[in-house]
Amino acid sequence: MATIRVTENNSEQHHHSRMETISKAIKSIAFKKQQITREFEKGDQVEVASQEYGFIGSYYRATIVSSVGPYHYKVKYNTLLTDDKSAPLEEIVTAAEVRPVPPDQHETLSENGFCRYDMVDVFANDGWWFGFISGKVGQEYYVYFPTTGDNIAYPSHVLRFHQEWSNGQWIFLPRQGKDFRPALISISRNV
């Protein structure tokens, strides 16, 4: 019988493999267009998915100002400002970039918390950014953003579980997570 030690390298390889798999899934979601399953009216609160390079995978709260033809809306952002910072930014976006505002998650967060590899949105830089939990240090969660390659620590109060708008309803993506208990150090097997 031989003892096999699970080294930090094996654990690290597994972690990188999981990160790659989840990163591919997030990129495929972030780069696809929303399904157009709902028409919005003036005054509706929405989130706009940015399709601009460097901002893909981010969502910004906005209000519908008007419909512009069958597949476009004029929106006024809640947190984005004009270049001179004198007023909220208004722009015309495609219907495929617009989704309703996801439901509030406060009860869900307090009951479940976050685990490694959970897909989340982080409120930063005036919008919600799509990524996944890559680790935890103290009370802060590290979130990896596959569309930008950044890995940044955040407190839990700026995180929410990621949801996708599909066929007219909100879908929570399956939890990928593991809790943050120490990993198994060694295993034995017969040779």
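A residue counts as buried here when its relative accessible area is under 20%. Keep that cut-off in mind as you move through this predicted model.

**Stop 1: Arg99 and its partner**

Select Arg99, in strand S6 (residues 98-100). Its relative accessible area is 0%, so Arg99 is buried. Now add Glu47 to the selection: the two form a salt bridge, with the closest N and O atoms 2.9 Å apart. Glu47 sits in strand S2, so this pair links parts of the chain that are 52 residues apart in sequence. Glu47 is also buried, again with a relative accessible area of 0%.

**Stop 2: Arg61**

Keep Glu47 on screen and show Arg61. These two form a salt bridge as well, and here the closest N and O atoms are 3.8 Å apart. Arg61 belongs to strand S3 (residues 58-67) and Glu47 to strand S2, so the contact ties together parts 14 residues apart in sequence. Is Arg61 buried or partly exposed? At 31% relative accessibility, Arg61 is partly exposed.

**Stop 3: Arg160 and Asp121**

Next, select Arg160 and Asp121, whose side chains meet in a salt bridge at 2.9 Å, N to O. Arg160 is part of strand S11 (residues 159-161) and Asp121 of strand S7 (residues 119-124), so the pair connects parts 39 residues apart in sequence. Both residues are buried. Now colour Glu47, Arg61, Arg99, Asp121 and Arg160 together: salt bridges that share partners join them into one network. For the overall tally, the structure holds five salt bridges.

**Stop 4: the largest nonpolar core**

Time to leave the charges. Which residues of the largest nonpolar core touch the most other members? Select Val75, Tyr77, Val122, Val143, Tyr154 and Leu159, which do so among the 26 residues of this core. To see where the core draws its residues from, show S2, S3, S4, S7, strand S8 (127-137), strand S9 (140-145) and S11, each of which gives two or more. The largest share, four residues, comes from S4. Try colouring by domain here: domain 1 (11-34 + 103-172) and domain 2 (44-100) both contribute residues, so the core lies between them.

There is also a second, separate core of 13 residues; Ile22, Ile29, Ala49 and Met119 are among them.

**Stop 5: the second largest pocket**

Switch to a surface view and look for the second largest pocket, which holds about 440 Å³ of space. To find its centre, select Glu52, Tyr60, Leu80, Leu89 and Glu91, the closest to it of the 20 lining residues. Strand S2 (45-49), strand S4 (72-81) and strand S5 (88-94) each supply at least two residues of the lining. Which of the strands gives the most to this lining? That is S4, with four residues. Colour the lining by residue class and you will find nine nonpolar, five polar and six charged residues.

**Stop 6: Ser166**

Finish at Ser166, in strand S12 (residues 163-166). Its relative accessibility is 23%, so Ser166 counts as partly exposed. Then add Ile36 and draw a distance between the two C-alpha atoms: they are separated by 9.0 Å, although the residues are 130 apart along the chain.

Conventions
Residues are numbered from 1 along each chain as its sequence is written. This is a predicted model: local features need pLDDT of at least 70, side-chain atom pairs count only at pLDDT 80 or more; totals for chains, interfaces and linings use all residues. Side-chain values use heavy atoms; hydrogens and water are left out. On a 1 Å grid over the protein atoms alone, a cavity is a set of points where a 1.4 Å probe fits but cannot get out, and a pocket is an open set with protein on both sides within 12 Å along at least five of seven lines; lining residues have an atom within 4 Å of a point. Grid points are joined across faces, edges and corners, and a volume is the space filled by probe spheres set on the points. Ala, Val, Leu, Ile, Met, Phe, Trp, Tyr, Cys and Pro count as nonpolar, Asp, Glu, Lys and Arg as charged, and the others, Gly among them, as polar. A salt bridge is a side-chain nitrogen of Lys or Arg within 4 Å of a carboxyl oxygen of Asp or Glu. Buried means under 20% relative accessible area, exposed over 50%, partly exposed in between (1.4 Å probe, protein chains only). A nonpolar core is a set of buried Ala, Val, Leu, Ile, Met, Phe, Trp, Tyr and Cys residues joined through side-chain atoms within 4.5 Å. Domain bounds come from an automatic or database domain assignment.
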